[in-house]
Amino acid sequence: MQHLSFALSRHILLGKRILASCKRPAAFMSTLLINQPQYAWLKDLGLKEENEGVYNGIWGGRGEIVTTYCPANAEPIASVRQVSLEMGKIFVESAGEVQEYIDVCDYAVGLSRMIGGPVLPSERPGHALIEQWNPVGLVGIITAFNFPVAVYGWNNAIAMICGNACLWKGAPTTSLISVAVTKIVAKVLEDNKVPGAVCSLICGGADIGTAMARDERVGLLSFTGSTKVGKQVALMVQERFGRSLLELGGNNAIVVFEDADLNLVIPSALFAAVGTAGQRCTTARRLFLHESIHDEVVEKLAKAYAQIRIGDPLDSTTLYGPLHTKQAVMMFLDAVEQAKQQGGSVVYGGKVLNRPGNYVEPTIVTGLPHNASIVHTETFAPILYVLKFKTEEEGFAWNNEVKQGLSSSIFTRDLGRIFRWLGPKGSDCGVVNVNIPTSGAEIGGAFGGEKHTGGGRESGSDSWKLYMRRSTCTINYTKDLPLAQGIKFQ
């Protein structure tokens, strides 16, 4: 396979066309919508009434094609309105997601100048010992519906500056976002005399994902989705001794101590629990409150929930939109019912809203024990379980007792407690926060979690190493040949 040079990668990533394209509108999946004047912007992305779902240098029909791969490197973005229309998240969150792709492009450009291995001292005179990093070749990227642009961007940008090709399978329910993004990427690549196929796309369901997981030509498979499916993917990839990067479930907690600043706690808990209608892997699903402040916080939080502006996600003033599917609504209702059966009390929400679309009330449940089965279950919906705790040890232990280990936060002013939280007896999550919500991540820091979250890391820090293979290289630049263990042949 060919690999793009770092210089060419930077040139493509910085291309003005990319940044201009990122500001254009986006698309949705209805032949009716695309012909309506108010949705004329759908055509600006090159979308049609019927959109082919496979791209490998030429656009083809949907199918079981996972056989045509090409080298890779590029960056673009579907538009803000498209994300709101097809995924359902509110306009400002869609804008933030698109911006993440732009930002990670900038990050990747800088990173491309810094990738390298160490030169190590050799114990043998006249020898040089170095580490060389090379591309894995082809990176398969399977993304979820909730971040249909940004998660691809995290993987795509880093994979490309490492010299890899990319094959992307987005979520079946956001396939037009995948098509729109790929059209922008292909245009940028081709304008820079690089085959558009270096960033290929295939739309489809579980059969396509299975084929990617089992194909030995996929050097790294990056999968974002549920823990249940992630386990299956991991086993298929491991069976062929492949490499996988897993970003799976999160059952994230916020632990609030008696000395916390409640002016920070209330908006943080609100944003973490209700943002993206509870459909983030970093959504706060458990809120542990010290018994001395429990009632006060619950009262203030319920009042804050009552002020949430619910409406059309395309309306820039909306703060809370619909769930993604009818199935998600059913899961929401089932979780609320289970919470009641297990001893919980709904102090806010709990119902489906009487309006068109998949709208449910953001919900607060109190009174459950920390080890209730529903509390240990990640429901991808805006349900927050609020529990009382007494001691620091209790709060830390409850945070860690679930199987997932993605994101966690504490609110306190106690410096000693902060460092205990960050230390070996504190949070066991991959993202450990202090006085900020569980949701939200900066591209400069590696993102991912432990335990049933999968253990993968994307975006910042040294996560680029996952997209490359390492060789330890020894060079003898003398005419002598000192052998290991001092062995000498006469």
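Q: What makes Phe223, Thr224 and Gly225 contacts of Glu247?
A: Contact means heavy atoms within 4.5 Å. Leaving aside neighbours within four places in sequence, Glu247 is in contact with these residues and with Phe447, Gly448, Gly449, Thr453, Gly456, Arg457 and Glu458. The model is predicted: local features need pLDDT of at least 70, side-chain atom pairs count only at pLDDT 80 or more, and totals for chains, interfaces and linings use all residues. Residues are numbered from 1 along each chain as its sequence is written, and side-chain values use heavy atoms, without hydrogens and water.

Q: Why is Glu247 called buried?
A: Buried means under 20% relative accessible area, exposed over 50%, partly exposed in between (1.4 Å probe, protein chains only). Glu247 has 4% relative accessibility, so Glu247 counts as buried.

Q: How do you know that Glu247 is covered by an "active site" annotation?
A: The label comes from UniProt, in an unreviewed entry. Such annotations may be inferred rather than shown by experiment.

Q: What places Glu247 in strand E9?
A: Strands (E, at least two residues) and helices (H or I, at least four) are DSSP runs, numbered from the N terminus. Strand E9 spans residues 243-247, and Glu247 lies in it.

Q: Why is Thr143 called buried?
A: Its relative accessibility is 5%, so Thr143 counts as buried. Thr143 sits in the loop between strand E5 (138-142) and helix H6 (150-161).

Q: Which residues are in contact with Thr143, leaving aside neighbours within four places in sequence?
A: They are Val151, Tyr152, Trp168, Lys169, Gly170, Ala171 and Thr224. Thr224 is also in contact with Glu247.
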